[in-house]
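Me: Please take a close look at one part of this model, the sheet that runs through the contact between the chains. I should like the criteria behind each term to be stated.

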Protein chains: 2
Amino acid sequence: MLRAKSWILKKHFEGFPKRSDFQLKEVELATLKDGEVLLETVLLSVDPYMRPYSKVIMKEGDTMIGYQVAKVLESKNPTYPAGVFVISAAGWTTHSISTGKGLSLMLPSWPEKLSRSLALGTIGMPGLTAYFGLSEICRLKPGETILINAAAGAVGSVAGQIAKIKGCKVVGCAGSDKKVAFLKELGFDEAFNYKTVGSLEEALKNASPDGYDCYFDNVGGEFTSVVLEQMKKFGRIAVCGAISLYNDTVPQKGSYVQWPMIAKELCMEGFLVTRWDNRKEEGLKALLEWVEQGKIKCPEHVTEGFENMPAAFMGMLKGENIGKAIVKV
Amino acid sequence: MLRAKSWILKKHFEGFPKRSDFQLKEVELATLKDGEVLLETVLLSVDPYMRPYSKVIMKEGDTMIGYQVAKVLESKNPTYPAGVFVISAAGWTTHSISTGKGLSLMLPSWPEKLSRSLALGTIGMPGLTAYFGLSEICRLKPGETILINAAAGAVGSVAGQIAKIKGCKVVGCAGSDKKVAFLKELGFDEAFNYKTVGSLEEALKNASPDGYDCYFDNVGGEFTSVVLEQMKKFGRIAVCGAISLYNDTVPQKGSYVQWPMIAKELCMEGFLVTRWDNRKEEGLKALLEWVEQGKIKCPEHVTEGFENMPAAFMGMLKGENIGKAIVKV
């Protein structure tokens, strides 16, 4: 009988997650019933959303949530025969049993040469977030100027590259000079290190003196309060993430948004990628095509070893990754 | 030669406007040139937007901005013959000369028995704000639940009545028991005095335990932070005004909006009624029809005397009016 290792949320995070908030646990897996498959995890994803959602949908003792690429070891479900690779939401675990619910096969057109890890990044949930956030929430049009923060991250780096494909001027900010250099390599028109610019307001004005039509916000908080003043009339703000707020013990406070929203008639919309679950295939195909054409580059920050999941997660929250943070079992 | 009296912004407001910030001035009007008309003001409007816009578009010494109903005394412009009534943006003045630019005639179908003051309220800019804010920004659908604050004001009272016509459940809040009684008379399903409820959160939950599909926000600030937590998934927020913030000397601070916006996928949009200038006729006709059918009631708070403009304005900002605040010359 197989024993699975799982990372458990031992204690709800208070402030920035600590190693002691996690616990490694072993569980014995049952024998497969009809319709079930046994999965062996190959690659895992750590993403910012896990921090706020731990509070919302997890209780202490639950396995940490998350997506993974897994191989079907044994199958009593003809949709997922042994040997195929699937995307699973089994969370931080080395093995799991699934009824097939919530599983999805890798795209049939997935090229041999392409790392399967991209199914957790550019050609997966983060890539779809960028894709639909830009088209459906920003309603980005060619020739417009867009600002993207946390731009070297899994979502931001894809959003910036799609915006370039769409014929836009793209301004990115990130938290280190190395990331800024990376953004320039990706083709961002302007990029700056928000930690060293002194005045964010001035940096935004220098990067686009006319202001911004769109703002793809992964950060929130004070950063966004400054950006609102730099938006153009009828600007659109896609609220994708708020990483500057996730680790608050006492909620931060800042300027109210109403006056800039009225004076410039801004539209700000929060979104979750699940909204377009019925259009997943369209998005994945487009992303795969751009990757194959070399129009989107997919850097990854890979951590080796399942035992390093908490470290990889905390590192990602600190911004140590350039591109998608991935853990190889 | 005619002398006009005008109220001047003597000193930019700091905090709540004071009588000494205004100055009454007399100016001699020139003789009419070809294409010009001489207007005599009959009715004036005082509105919340004048407070924030004084900062944005006025300098000290300028005539206070605003709409008025005026009678054409003399005309050298065939579009506006002597004797007709027009809506003018001449501001706080008893007489003015206009080239016709920015003037509009009263609706040709305006019934004799209807007070012309409604052209400054329910069948004018505030009514259009409610009309387009509901249809275009809230995208209100029959059966939905909408929250309206400052609901006894010029815009809120019309918004609530239109939402009832559209088949929605309407919850209103206002700042006195008299206003709350008035909202009930207008047909609001639920209404409460936000100053006396103790917990706004509880009051909102009691009025609609399932939450709110739409929120027509005239207030902003802390009030809105509480409401965001009570919105339903995919809720829409029309940011029409922010009267709780207009008189700040030091800008207030509050919770950041990003997390509730993301978790519930909310859409928040600021707007100015000028966006639909090309659909004005459609809106005015609909409003006039509802008023004539008795489906929309149009209470007014009338102050007599041009000399009382500053008092009427300050009273409106304090919330002394029920319905539209109007000044009769």
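Reply: The following account treats the sheet, its surroundings and a few individual residues.

This is a predicted model, in which local features need pLDDT of at least 70 and side-chain atom pairs count only at pLDDT 80 or more, while totals for chains, interfaces and linings use all residues. Residues are numbered from 1 along each chain as its sequence is written, and chains are lettered from A and ligands numbered from 1 in the order in which they are written. The model scores ipTM 0.96 and pTM 0.96. Chain A averages a pLDDT of 96, and 100% of the residues score at least 70; pLDDT is the predictor's confidence in each residue, from 0 to 100.

Chain A has nine helices and 16 strands. These elements are DSSP runs numbered from the N terminus, helices being H or I with at least four residues and strands E with at least two. The radius of gyration of chain A is 20 Å, close to the 20 Å that the globule rule gives for 329 residues, so chain A is as compact as a globular protein of that length. The radius is taken over C-alpha atoms, and the globule rule is 2.2 Å times the number of residues to the power 0.38. The C-alpha trace of chain A spans about 65 × 45 × 35 Å along its principal axes. Of its 329 residues, 50% count as buried; a residue is buried if 20 or more other C-beta atoms lie within 10 Å of its own, exposed if 12 or fewer, and partly exposed in between, with C-beta atoms placed from the backbone.

The sheet itself is open and is formed by 12 strands in the order β10(A)-β9(A)-β8(A)-β11(A)-β12(A)-β14(A)-β14(B)-β12(B)-β11(B)-β8(B)-β9(B)-β10(B), with mixed pairing. Two strands pair if DSSP finds at least two bridges between them. The edge strands are β10 (190-193) of chain A and β10 (190-193) of chain B, each of which pairs on one side only. On average, neighbouring strands of this sheet are turned by 15° against each other, direction ignored. Axes are lines fitted to C-alpha atoms, for helices over the stretch in contact, and angles run from 0 to 180 degrees between N-to-C directions.

Where the chains meet, strand β14 (residues 267-270) of chain A pairs with β14(B) in the antiparallel sense over three bridges, and C267(A) stands opposite E269(B). In the contact as a whole, 28 residues of chain B are in contact with 28 residues of chain A; two residues are in contact if their C-beta atoms, placed from the backbone, lie within 7 Å. On the side of chain B that touches chain A, α6 (221-228), β13 (253-255), α7 (258-263) and β14 (267-270) of chain B each supply at least two residues. By class, this side has 15 nonpolar, eight polar and five charged residues. Here Ala, Val, Leu, Ile, Met, Phe, Trp, Tyr, Cys and Pro count as nonpolar, Asp, Glu, Lys and Arg as charged, and the others, Gly among them, as polar.

Within chain A, strand β11 (residues 212-217) and strand β12 (residues 231-239) pair in the parallel sense over five bridges, with Y212(A) opposite M231(A). Helix α3 (residues 154-165) of chain A packs on the sheet and touches β8, β9 (169-174) and β11 of that chain; the direction of α3 makes about 165° with that of β9(A). In chain B, helix α4 (residues 177-186) lies across β9 (169-174) and β10, running at about 175° to β10(B).

Strand β12 of chain A includes K232(A), which counts as partly exposed with 17 C-beta neighbours inside 10 Å. Leaving aside neighbours within four places in sequence, K232(A) is in contact with D210(A), G211(A), Y212(A) and D213(A). The C-alpha atoms of K232(A) and K264(A) are separated by 6.8 Å, although their positions lie 32 residues apart along the chain as a sequence separation.

In chain B, strand β12 (residues 231-239) holds F234(B), whose phi is positive, about 65°, although F234(B) is not a glycine. F234(B) is partly exposed, with 14 other C-beta atoms within 10 Å. A positive phi, near 45°, also occurs at R139(A), in the loop between α2 (125-138) and β8 (145-148) of chain A.
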